[in-house]
Amino acid sequence: MTTTDLASDRQRNAGPDGGSPPGASRPVRRKLGVRARLRRDRTLILMTMPAVILLIVFAYIPMLGNVVAFQDYSPFIGIPSSPWVGLDNFGRVFGDPDFWNAVRNTLVITGFQLVFFFPVPIALALLLNSLIRPALRATIQAIVYLPHFFSWVLVVSVFQQLLGGAGLLSQTLRANGWDGMDIMTNPDTFLFLITSQAVWKDAGWGIIVFLAALAAIDPEQYEAAAVDGANRWRRMWHVTLPGLRTVIILLLILRLGDALTVGFEQLILQRDAVGAEAAEVLDTFVYYTGIQNGDWSYAAAAGLIKGVISLALILAANKVAHLFGENGVYSKS
Amino acid sequence: MTTIIKPAARRRTPPARPVWEEEPSAIAKAGKVVLLSLVVLAVLGPLYTIVLTSLSSQATITQAGGLVIVPGEITLDAYRQIISGGVVTRAVLVSVGVTVVGTLLSMVVSVLCAYGLSRPGSFAHTPLLFTLLITMFFSAGMIPSYLLVSGLGLINSYWALILPTAVSVFNIIILRGFFMGIDRGILDSARIDGASEWRILAQIVLPMSKAVTAVIALFYGVGYWNAFFNAVLYINDSAKNPLQVVLRSYVLQGVTVPGQIDVGQGAAASLALQMAVIVLAMVPILLVYPFVQKHFTKGVMIGAVKG
């Protein structure tokens, strides 16, 4: 069996006069020997290699580098010679009030954004979906997607120019005899500030998935609901929102898995202006303790704690989604 | 007469509201118009005033007391000053170089990898795919990544801005999803005609996926152009800083970039310069965006569905 398959496979690769038609050869292909399959697919494997090698070097090897969290790492003697200290670093991290401040800030920011950022794209998508004129819709979509492609430095710069102490808002207020205000350096309004930055930058981009989900809803359902006497709001409640349910749950899960990650660049750009008390999050904590202060092992331990909790969160959230009969990020089987 | 005119006229009328849907009230209509106008204004307003300020003369800026909303005297002075050498010019060159080289490298690596993984059942397909996907769930963290890059001797090298972020698994999955959707019959018949995988990729698959490759190239390009934190981490030599880092020190930290402007100039003049740097950071995106924008939805959805 195997030899004939091989022969036909070779012939197929050899030229147009080769044996069986490609469709017919598919079920047989599985039975090819390992070496024959390797030989047949070697070009495909070769093609994946550059990406795989880059990932091994820049994603997998650093995963192993997390061992420095269990060491008293010194860059001068390197990982092999640095002394092992067990869980000491983790003990220090858990006893550090600055770490807990960062945890609290992270969770507060995530929670705040979940309430005030997450629904915005849904509302925007519903609004855009209600437009009947396709050209108008496409134009507005193109405009609201745009800020997603600006860097955080750019977005923060724009906000600084509009809301900062010398910015447009203060300038307008002063011109009308009021006091200027500096929203950019006020810890009390910081949550509000970074959330509006996130809304400005990414709410438009966030609508893509919702618009696609809305487009997938069968219009007959609306028609049937309308015939049954459901008004506009009823139709939204009973047809539109159930149609979005899966997407909303999926995105909520992804957001929860990311609960410990809040816009790193965004915060590091504004931490100095606002102060660590309000603006220190886990990622900036790792950056300042590790890379700025050279406390490598300590920062690596904090980063590892964050990574493990994030993974646990996303697995747990996915589990919950399964319990509610939704698909989640990966399917059950 | 009317029957002849009607079809031509109908072509211009928008698609009709479904018969079962009631006409919205005047208040609802007005509310929708106001809301949408606010959304559009919130995006375009800041961009408008920043571009206008960068183009305004010092006198106009002083008169406005800051950002300019009403056009006054228009001048290109700020831009002339920025591109006449100095830190900003250098930073633009660095950013352009890193973006071009990085995007090319990322595209070659990603397209090859996506095509290599586009045939389920090929040898080692599943393990290779998992090698990619796992990195979407686990990431190493900042400290080990920094130690690796410095261990490789890449600190202060432009490669440190390219290699660590060269592969985006998400982008590869989008490309792979598209490649998998191409009719197998075409590929198989090319194979029967004796075309190698390389040739199939270059002459059949790529020409059929121009739109999605353009979107992915934009994603990569924007990523390299906007890269800020990698430069903060890995570049200590300020002469090698890309534009985003210079933008921060110039606009956010209020640093007077050495060799750029004379200290004697007024604050208002430097405002136009600041705005010009902001505009410079936006321009490449604004240039490419209109050509690629219409394909976004397709690309993102393929990634979301098949990933």
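**Interface of chains B and A**

I looked up the contacts between the two chains in this predicted model. I found 95 residues of chain B in contact with 89 residues of chain A. I then took the buried area, which comes to about 8300 Å² between chain B and chain A; carbon and sulfur atoms account for 78% of it. On the side of chain B, I noted B:Trp20, B:Phe123 and B:Ile143 as the residues that lose the most area to chain A. Together these three make up 10% of what that side buries.

**Polar terms**

I searched the interface of chain B and chain A for salt bridges, and the rule returned 0. For polar contacts across that interface, I recorded 14 residue pairs, both partners at pLDDT 80 or more.

**Make-up of the chain B side**

I checked which element gives the most to the side of chain B that touches chain A: helix H2 (residues 26–54) of chain B, with 12 residues. I sorted the residues of that side by class and obtained 69 nonpolar, 14 polar and 12 charged.

**Confidence**

I read ipTM 0.86 and pTM 0.85 for the model. For chain B, I noted a mean pLDDT of 85, with 87% of its residues at 70 or more. Within chain B, confidence is lowest in helix H1 (residues 2–12), at a mean of 50, and highest in helix H8 (residues 159–162), at 96.

I also listed two stretches of chain B in which pLDDT stays under 50. Residues 1–6 of chain B form one of them, with 0 contacts beyond four places in sequence. Residues 258–269 of chain B form another, for which the model has 20 such contacts.

Terms used:
Residues numbered from 1 in each chain as written. Chains lettered and ligands numbered in written order. Predicted model: local features only at pLDDT ≥ 70, side-chain atom pairs only at ≥ 80, totals over all residues. Heavy atoms only, no water. Contact = heavy atoms within 4.5 Å. Buried area = accessible area lost by both parts, 1.4 Å probe. Salt bridge = Lys/Arg side-chain N within 4 Å of Asp/Glu carboxyl O. Polar contact = N/O pair within 3.5 Å; in protein donor to acceptor, adjacent residues only side chain to side chain. Helix = DSSP H or I, 4+ residues; strand = E, 2+ residues; numbered from the N terminus. Nonpolar A, V, L, I, M, F, W, Y, C, P; charged D, E, K, R; others polar. pLDDT = per-residue confidence, 0-100.
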